[in-house]
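Reader: Could you walk me through this model, one question at a time?

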Amino acid sequence: MSFLINVNNKDIEAREGETILDSLNREGLNVPTLCHLKGKLPTGSCRMCVVEDINSGRLVAACASPVYEGMKIQTHSHRVVESRKMIVELLLSNHPDDCLYCVRNKNCELQDLSDELQVRERRIKGKKNNINLDRSSPSIVRDPDKCILCGRCVRVCEEVMGVSCIDFINRGSDSFVGPAFNKSLNTSSCVKCGQCIMVCPTGALSEKSHFPELISMLNNPEKTVVVQYAPAISVSLAEEFDMPAGVDITGIMNAALRKIGFNYVFDTTFTADLTIMEEAGELAERINEGGKLPMITSCCPGWIKFAEQFYPDMLPNLSTCKSPQQMMGAVIKSYWAEKSEVKPDDIYSVSVMPCTAKKFEAQREEMTSKGISDVDAVITTRELGQLIRMYGIDINSMAPETTDSPLGSRSSAGKLFAASGGVMEAAMRTAYYMITGEELLRFKIEALRGMDGSKEASVKIGDMNVNVAVVNGLANARKLMEKVKKGEKEYHFIEVMACPGGCINGGGQHIGASEDEIKARMKTLYDIDDKETVKVSHKNPEIVELYEKFLGKPMGKKSHELLHTDYFKREVLL
Amino acid sequence: MENNFKEILTRYPEGSVENLIPILQDIQEAEGYLSEESVASVARYLDMPASKIYGEATFYNQFRFTPLGKYHVQVCCGTACHVLGAATVLEEIQKNIGVESGQTSKDGLFSLEVVACIGACGLAPVISVNGNFHAKVTGESIKEIMDNYRNQEKS
């Protein structure tokens with residue numbers, strides 16, 4: 001049922017049961033929010049969104065108050081604005097004054113609000129917090145002094161990720177957010193996905209930077225500095241430079257990376273194709289030889305850590321394939337090093353990822369060969385943006401360039417890795433070919449596309465129906481794992497991506513993107529798949545060459561040495 | 001120790017999150033504090049993340065997360081004690097044993113707790129060490145009291 005409510009002396013439509021904020025947003029009317037998370041239950045704790053309810057004469061939180069017929073509200077009356085300003089002043093009263101040094105300078109909701117509300121003097125001086133900066137995690141830096149206790153990270157970690165690593169500790173002015181027993185993040189149940197960074201309004205949570213080492217390596221003439229970038233980067237980097245969401249700037253990015261000083265530029269999508277060759281081979285092997293099913297993807301390091309701590313009994317279900325990042329790292333320091341006559345020791349291998357967990361993955365002990373890491377440094381999409389700005393590169397005036405070869409060509413199937421469901425689609429294409437010797441008639445599996453957290457399909461391969469499931473957001477993975485454990489449905493293959501929507505919405509991506517913008521990134525991937533001619537990983541010419549000249553066959557001895565890994569149960573406080 | 005928690009947990013239905021506080025109280029009563037192991041057991045038993053339990057427990061003053069010292073010092077900060085200088089007494093004790101409320105000294109000898117009122121207002125400001133009351137303490141008398149306990153250890 002809908003009715004009219006009066007907002008700022010003008011009638012707008014409202015629907016029974018929705019909040020004031022819902023009605024206002026639909027009409028394009030803005031009130032500032034801080035603790036609000038779109039699509040999640042409101043907590044109404046920050047009071048930033050208060051509006052004046054004329055009938056009751058009270059200030060009510062728009063995010064948590066339902067509309068009613070005959071409602072009259074003022075969203076920017078003097079009283080409302082003064083109240084919001086006071087909230088910001090109180091939040092600033094114990095906030096560090098180091099905006100100039102802060103990673104979120106110029107991209108901070110607290111800064112924006114204090115500007116919007118014209119806070120120009122410090123009227124209220126509070127006792128500053130003095131809680132230890134937590135730099136223990138290879139992925140995430142936690143600075144509780146900058147935290148304004150909005151609780152968005154706590155809710156994302158619990159509701160979207162199903163991890164609940166962090167919560168409010170203590171009470172009143174002593175409150176802060178942290179893991180159980182105030183442990184450091186590296187010893188906690190944190191899976192490093194970085195979704196907490198994506199919702200943090202301030203600089204309280206940020207990625208661990210590898211810049212100082214990276215820059216010294218770029219300036220070290222004895223090192224060959226190579227870079228790879230994930231399938232998701234080219235469709236999201238543009239937003240770092242105020243271009244519209246979903247613009248694909250692969251060529252420009254190649255040129256920019258070379259200008260920064262990277263000696264060789266590779267595309268991780270190449271090893272996404274390689275992952276598919278190995279993973280589809282593994283699936284065929286497990287199906288034919290009665291191996292452990294359902295097989296579950298292993299490209300997502302956040303999911304891997306989640307499984308290692310919450311579902312250790314299901315580790316045999318995980319594909320033994322390393323992720324594309326690690327496969328690329330391994331191939332660069334073996335095949336490519338040999339071919340290019342560079343000593344593996346002299347290669348500094350950098351990857352650009354939409355992800356903070358990739359930083360953690362790169363330093364896992366299993367991801368080394370003879371004491372040499374496959375990948376030496378990982379930077380996020382955001383950090384690549386910073387790097388490009390730091391080197392004074394004008395993205396708008398660059399001529400596109402291609403990647404280096406080999407390790408540069410890709411299929412459009414590999415590109416799909418960036419979105420939830422993409423790994424599955426790509427794997428089905430190649431598994432079909434490996435099992436039947438023929439190509440699939442219809443490549444597109446519509447049921448596995450889109451932003452839904454949980455998707456399913458059944459693909460007929462030969463005379464067998466292969467049941468597949470795709471989940472994103474680890475809370476959905478948890479639900480599916482419980483279902484699998486109870487034997488409610490039999491699946492052959494499951495794809496898990498930790499972040500909602502997949503890597504295009506990873507924890508290393510541009511902060512502040514809306515759901516529509518994430519969908520735009522997704523659409524670009526599907527467009528690429530529609531337009532391009534090499535749509536299957538097994539037809540990527542450089543992949544064919546790699547197997548002919550170096551690896552032999554998928555799941556062969558050399559592959560096992562370089563491209564496969566194992567997992568371990570983790571004892572952490574859950 | 002694990003068995004100790006298990007016995008306590010069996011008094012409550014599995015998954016009954018509404019019993020969290022009574023469970024934690026029982027464990028603290030038995031163990032003197034809430035250890036990581038005990039919180040992990042409660043987490044599994046109630047199917048509730050350890051971070052939530054820790055968050056809940058730290059909300060209340062009554063829970064501690066370090067084992068009690070051999071001498072458990074309770075400083076009364078109730079109204080009467082407060083008026084007669086409990087703050088100075090507390091500060092002096094913190095300096096003397098080198099820990100803050102809720103903590104235990106490194107040698108395991110003393111632990112400190114601030115309590116609201118121990119019902120001995122006539123003796124204010126008052127502290128209790130392992131249940132023995134010390135009446136009308138002052139900043140100066142603290143050293144003597146604490147040294148007494150230290151000497152007991154040596155002899």
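Reader: Thanks! What span should helix α14 of chain A have at 1.5 Å a residue?

Author: Happy to start there, with two notes on conventions. This is a predicted model, in which local features need pLDDT of at least 70, side-chain atom pairs count only at pLDDT 80 or more, and totals for chains, interfaces and linings use all residues. Residues are numbered from 1 along each chain as its sequence is written, while chains are lettered from A and ligands numbered from 1 in the order in which they are written. Helices (H or I, at least four residues) and strands (E, at least two) are DSSP runs, numbered from the N terminus, and the expected span of a helix is 1.5 Å times one less than its number of residues. Helix α14(A) has 15 residues (422–436), and its end C-alpha atoms lie 21 Å apart, in agreement with the expected 21 Å.

Reader: How many residues of α14(A) are buried?

Author: A residue is buried if 20 or more other C-beta atoms lie within 10 Å of its own, exposed if 12 or fewer, and partly exposed in between, with C-beta atoms placed from the backbone. Among the buried ones are Gly422(A), Met424(A) and Tyr432(A). The helix is largely enclosed by the rest of the structure, because the buried count is 11 of the 15.

Reader: Which residue follows α14(A), and what sign has its phi?

Author: Right after the helix, phi is near 80°. The residue is Gly437(A), and the sign is positive.

Reader: Which strands do the buried residues of α14(A) pack against?

Author: Contact here means that the C-beta atoms of two residues, placed from the backbone, lie within 7 Å. The partners include helices α8, α13 and α16 of chain A. The strands are β17, β18 and β19 of chain A.

Reader: What is the strand order of the open sheet of 4 strands in chain A?

Author: Two strands pair if DSSP finds at least two bridges between them. β12(A) and β19(A) pair in the parallel sense over 2 bridges, and Met295(A) stands opposite Phe493(A) in β19(A). β12 and β17 of chain A each have a single partner strand, so one side of each lacks a neighbour in the sheet. The pairing is mixed, and the order is β12-β19-β18-β17.

Reader: How far apart are the centres of domain 1 and domain 2 of chain A?

Author: The bounds, from an automatic or database domain assignment, are 2–76 for domain 1 and 91–207 for domain 2. Their contact takes 8 residues from domain 1 and 10 residues from domain 2. Taken over C-alpha atoms, the centres are separated by 27 Å.
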